Structure formats: structure tokens, C-alpha cells
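Q: Hey, can you walk me through this structure? I'd like to start with a helix and then ask about cysteines.

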Amino acid sequence: MIDGTAGVSGRRDADEALLDSPEALAEHDPGGMLRHTASAGAQVRESAALAAEANLAVLADDGRPRAVVIAGIGTAGRTGDVLATVAGPRCPVPVIAHRSAGVPGWVGAADVVIAVSASGRSPEALGAAEAAHRRGARLVAVGAPDSQLQSVAERARAPFIPVPRRAPARASLWALTVPVLLAARSLGLVKVNEADLAETAARLDADADRCRPAAESFVNPAKSLALGLAGSVPIVWGSSPLATVAARRFGDTLSANARYPVVTGALGEAGRGRVGLLDGVFGGLAEGERDIFADPSEDDGEGTRLRLVLLRDGGLNAEDDTDEPLAVEERRADAVQTLAERRGVRCDVVTAEGGSALERLASLIAVPDFASIYLALAHGLDPMAVPAITEMKELSNQ
Ligand SMILES: O=P(O)(O)OC[C@H]1O[C@](O)(CO)[C@@H](O)[C@@H]1O
């Protein structure tokens, strides 16, 4: 066990046995991150109901906007990426995830700003909501009830969708995302329907059940993914734009929950540069020098290796509806698996399932979300309390 000087504690080596002890899991997860994460399906249903109570129809009064800006940071910012990918390449207006305070300089009365903040007080979302109001843009706000964000929305007479507070924000991805999608639906930009929402919620419930703490590692896809990643430098690549959103989300949760450094991105882009990592000191080079007779327990970090997680879109998109022909994405995904195999870099593959884009995205996010928590727990880390985030806020006075 290491006890750092800044409230950091945990163990360097992952304790595999801990994952199969419900008592130990509960002890290391006092804030209930596993429980919060298992509520993803319920979040979809609850948020859909709360959005139905907000008067989102007013958004359509002024017709189709010139652009939609989703303003927020961290998990709230990811909702903009989700909207962009669900809206897809055929979306008639630009969908922009904006992660710094205020709004882009060009935003004006013809545009819509969706300000998102789980706490309802991030400077990024608040600054954007105020700027949108000042410039006469249509505004929608999504976040904690009775928050500063709600006050700004009320002052601007803008729809506000309350999202019950669940700390930390990263455990609220689905609660924050659904209102954003439904606001965009009111504007005629996405086709998410009630059946899509119900099926997505059911998929998240089913995955939460497969990943439940009582399911042992050999039948629990999240525990086995976590144990595979333990001690490695993970690389998470998505085969399509949709899978890339899931890859980036896995980067968020691996960093914040498990505190692992991680490389994430789109496989198309990675194939022109970052794929070189597979040849490097943590990739093929390390594997080439590995002493196959060495005792793995004496591996003192020197043998840190890459572990590739490939998120594949499942090949369900009609070719004319995607950024790139499906066959190209599929060939590239096969190719990177071959490359990894040739270099002895282990690769986990998660393949999307489901009919709608939203359900497919959910199927790529659910298991990795749980895996990031199990990886934290295997290292004796509380996945909820992240001293560095708190300290960063204190030091930067935010
Ligand atoms: O959604 P909020 O409350 O605006 O927070 C933004 C981000 O800031 C954090 O709270 C960290 O400071 C993240 O957990 C979160 O995603």
C-alpha cells in the first residue's frame, strides 16, 4: 500500500482477488460509484421524463438554427460530442462542442446554445449561458436544479432541464446527455425517438447486470477488461466517429476513476501517426526484449506494455449515412488488430450492438465505464474521490 502526501493512497499492483470480493469492493467504493454507474438506464428514463416537462417546443419557434453550440466542460462537454455523432454527417447544421468559457465569437441570434453543467456552476457553462443571452441566441440549459445555471436560464426565459445531482459529474453522463439530444430533436436535428430511448435504457440495464459486482471476473466483461488493462498503458481507438466518442469517454473514466494514463482517438487518424506507438518501447520493442522465463511478479514496472482496446462500430450503418464507407472502417479495424498481434500487443475488442446510434454508443460505453471503476478498485483507489481534481480547483481558485 502506498500512502502519498496529498491524500493519495492505493497499491501499485492490481489485486485481482479484490474484484471477486463483494465486501472488499464495497469497502473501497464508499461513495457508490458502481451503484451510480449502474443507474445509467434509469438516468435515461428519468431525464427523458424531465425533458418532457420542460418547454422544449419553444426552441422550434424560430425555425432551424444556423448552428448549435453545446457549452460545458468535462462530462458535460462530452454531451456535445455525443450529439454531434448521433446527429451524424447528414445533420443540416453544424453541431459544435465548446469547452471554454463564453461562446465562439460568431454566435448570434441565429444560433442555439445548449449550456450543460452537472453542478450548474461551471464557469464554462455559466459564461456560455450568459453570453448566449446577451447576444440574443436561443438558449437551453441542462444541470443541477436550484443552481446558478438555472437562475441564468430563468433570467433569459430559456428552457431549463433539471438533472438531479449525482456526484461526481462523470457518473451522470446519461442524465446530462438525454436532455441535450431531446433539445436537438425539438430543433429537428436528430431523429432519436421514444423506442430508441427505451432500447438504450434497456441495453444500459442489461450491461449493468452483466458487470454487477457479484458477477465474477470470468463472466464479468468489465472485470476482465480491467484486469487485462492492469499495469499497462492503454490505447483506446474507435473505428468510427461514434466509436471514437466512446473511446474518448473511456479515456475520461480511465484517467479520473482509475488514474491511468491513456491514449485515445479515432483509428482513421491514428493509422496515419499514432499507430507507430505499437512499434515503440512500450509496444513491439518491449515485447521483443521480454524474457519469457522471467517471474511476472518480479516485473517491477520496467516491463510496462501497451494494451490496445479497439472499439468497433459493429458495421450496422448504411454506407451512404456515414463519414466514411463502412468497408474502409472495418478493414482498418482488422488491420490494427493484425498489427498488434504481430507485435505481441494484446488487444481487447468491444463491438457495438443495437439498432440506433444511441444504443450502439451505449453498448460501447457501458462496459468500459465499469471497467474503469474495477481497475481503480483493484488498485485500492476510491474511484470517486480524486484528490488531484479537488487540489487543482483549490490551487486555481475555481
Ligand atoms: O458538469 P460540471 O459540474 O459543470 O463540471 C464539469 C467538470 O468539472 C469536474 O467537476 C471536475 O472539476 C468534472 O467532474 C466535471 O465533468
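**Helix, cysteines and a surface patch**

A: Sure, let's start where a helix ends: right after H10 comes Arg259, and its phi is positive, near 60°. Keep in mind that this is a predicted model.

Q: Okay, and is H10 itself mostly covered or mostly open?

A: Mostly covered: 14 of the 18 residues in H10 are buried.

Q: What span should H10 have, and how far apart are its ends?

A: H10 runs over residues 241–258, and at 1.5 Å a residue its 18 residues should span 26 Å. The end C-alpha atoms are 25 Å apart, so that agrees.

Q: New topic, how many disulfides are there?

A: Zero. A disulfide is a covalent bond between the sulfur atoms of two cysteines.

Q: Why doesn't Cys211 make one?

A: Its closest cysteine sulfur is in Cys347, and that's 18 Å away, so it's too far for a bond. The cut-off for a disulfide is within 2.5 Å.

Q: And are those cysteines buried or exposed?

A: Cys211 is buried, with a relative accessible area of 0%. Cys347 is partly exposed, at 27%.

Q: Switching to the surface, which residues make the nonpolar patch?

A: Val281, Phe282 and Leu285 make a patch of about 290 Å².

Q: Where does Phe282 lie?

A: Phe282 is in the loop between helix H11 (267–270) and helix H12 (284–288).

Q: Why does Phe282 count as partly exposed?

A: Because its relative accessibility is 41%, and partly exposed covers what falls between under 20%, which is buried, and over 50%, which is exposed.

Definitions and conventions: Residues are numbered from 1 along each chain as its sequence is written. This is a predicted model: local features need pLDDT of at least 70, side-chain atom pairs count only at pLDDT 80 or more; totals for chains, interfaces and linings use all residues. Side-chain values use heavy atoms; hydrogens and water are left out. Buried means under 20% relative accessible area, exposed over 50%, partly exposed in between (1.4 Å probe, protein chains only). Helices (H or I, at least four residues) and strands (E, at least two) are DSSP runs, numbered from the N terminus. The expected span of a helix is 1.5 Å times one less than its number of residues. Patches are made of residues with over 30% relative accessible area and no salt bridge: like charges are joined within 9 Å, nonpolar side chains (Val, Leu, Ile, Met, Phe, Trp, Tyr) within 5 Å. Accessible areas come from the Shrake-Rupley method with a 1.4 Å probe; for residues, only the protein chains shown count as cover. A salt bridge is a side-chain nitrogen of Lys or Arg within 4 Å of a carboxyl oxygen of Asp or Glu.
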